[in-house]
Structures are given as C-alpha cells and as structure tokens.
Amino acid sequence: NVRLMVEDNATVNAFAIGSLRSNRIVLTTGLLADIHEQSSSYKSFTANIQAVIAHEMSHLVNRDFFPA
C-alpha cells in the first residue's frame, strides 16, 4: 500500500518515502502548480502527474529511497 500525500510547499518537488511499515509518495503544491501551468489540457496535466507518480513508485519498487 502506498499513500499519496500533498505537501503545502512552493518548491517544485516530489519524493518517495519508504519503510517497513508504510510507503508514501509526496508531491508538493509547487510541483502541482508548475505542472498545471505548463499543461495545455486536463489530459496532459493528468498524464504528467501520472508520470511523476510512476517515477516515484519505481523508487519504492526498487527500494532506492531514503528510509523514514
């Protein structure tokens, strides 16, 4: 199970946090705003968000993250 979290932070960032008890993907509001600003449509916005989440999921799957 992976929890998706949004952090209220203007920095453009996303990261994965994994541990034995829980896994999280964190997207900042700055990242969401930046992707929204650069997207030409809702479809491209969602595709870009999915790509970021998939990238962060790969860190969890490969266990190459900094443990919490």
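Here are some short exercises on this predicted model, each with a worked solution.

**Exercise 1. Getting your bearings**

Work out how many helices and strands the protein has, and in which order they run.

*Solution.* Start by counting: there are 2 helices and 3 strands. Next, walk along the chain from the N terminus, and you'll meet the elements as β-β-β-α-α. Now look at the overall extent: the C-alpha trace spans about 40 × 20 × 15 Å along its principal axes. Finally, check how far to trust the picture. The mean pLDDT is 94, and 96% of the residues reach 70 or more. Confidence is lowest in β2, at a mean of 94, and highest in α1, at 98.

**Exercise 2. Finding the core**

Find which residues form the largest nonpolar core, and which elements supply them.

*Solution.* First, list the members. The core has 10 residues: Ala14, Ala16, Ile25, Leu27, Leu31, Ile35, Ile49, Val52, Leu60 and Phe65. Then sort by element: β2 (14-18), β3, α1 (29-38) and α2 (42-62) each supply at least two of these residues. The biggest giver is α2, with 3 residues. Does this fit a general pattern, or go against it? It fits: nonpolar side chains in soluble globular proteins tend to be buried together.

Now zoom in on one core member, Leu27. Skip residues up to four places away in sequence, and leucine 27 touches Leu4, Met5, Val6, Glu7, Asn13, Ala14, Leu32, Ile49, Val52 and Ile53. Among these partners, Ala14, Ile49 and Val52 are also on the core list.

**Exercise 3. Buried or partly exposed?**

Decide whether asparagine 23, serine 39, arginine 63 and aspartate 64 are buried or partly exposed.

*Solution.* You need the cut-offs: under 20% relative accessible area is buried, over 50% is exposed, and partly exposed is in between. Take the residues one by one.

- Asparagine 23 has 17% relative accessibility, so it counts as buried. This residue sits in strand β3 (residues 23-28).
- Serine 39 comes out at 14%, so it is buried too. Look for serine 39 in the loop between α1 and α2.
- Arginine 63 reaches 46%, so it is partly exposed. You'll find arginine 63 in the segment after α2.
- Aspartate 64 has 45%, so it goes down as partly exposed. Aspartate 64 is likewise in the segment after α2.

To finish, zoom out: buried residues make up 26% of the 68 residues in the protein.

**Exercise 4. Who touches whom?**

Name the contacts of asparagine 23, serine 39 and aspartate 64, leaving out neighbours within four places in sequence.

*Solution.* Begin with asparagine 23: its partners are Asn1, Val2, Arg3, Ile17, Gly18, Leu60 and Arg63. Move on to serine 39, which touches Ser44, Phe45 and Asn48. Aspartate 64 is in contact with Ser58 and His59. One more check on aspartate 64: pair it with alanine 16, and the two are 48 residues apart in sequence, with C-alpha atoms 9.1 Å apart in space.

**Exercise 5. A backbone angle**

Find what stands out about phi of arginine 63.

*Solution.* Read the angle first: phi is near 55° in arginine 63, a positive value in a residue other than glycine. Then recall the usual case: most residues other than glycine have a negative phi.

**Exercise 6. Charges**

Count the charged side chains and find how far apart the centres of the two sets lie.

*Solution.* Tally each sign: 5 positive and 6 negative side chains. Then compare the centres of the two sets, which lie 15 Å apart.

Notes: Residues are numbered from 1 along each chain as its sequence is written. This is a predicted model: local features need pLDDT of at least 70, side-chain atom pairs count only at pLDDT 80 or more; totals for chains, interfaces and linings use all residues. Side-chain values use heavy atoms; hydrogens and water are left out. Helices (H or I, at least four residues) and strands (E, at least two) are DSSP runs, numbered from the N terminus. Buried means under 20% relative accessible area, exposed over 50%, partly exposed in between (1.4 Å probe, protein chains only). Contact means heavy atoms within 4.5 Å. A nonpolar core is a set of buried Ala, Val, Leu, Ile, Met, Phe, Trp, Tyr and Cys residues joined through side-chain atoms within 4.5 Å. Lys and Arg count as positive and Asp and Glu as negative; His and the chain ends are not counted. The place of a charge is taken as NZ of Lys, CZ of Arg, CG of Asp or CD of Glu. pLDDT is the predictor's confidence in each residue, from 0 to 100.
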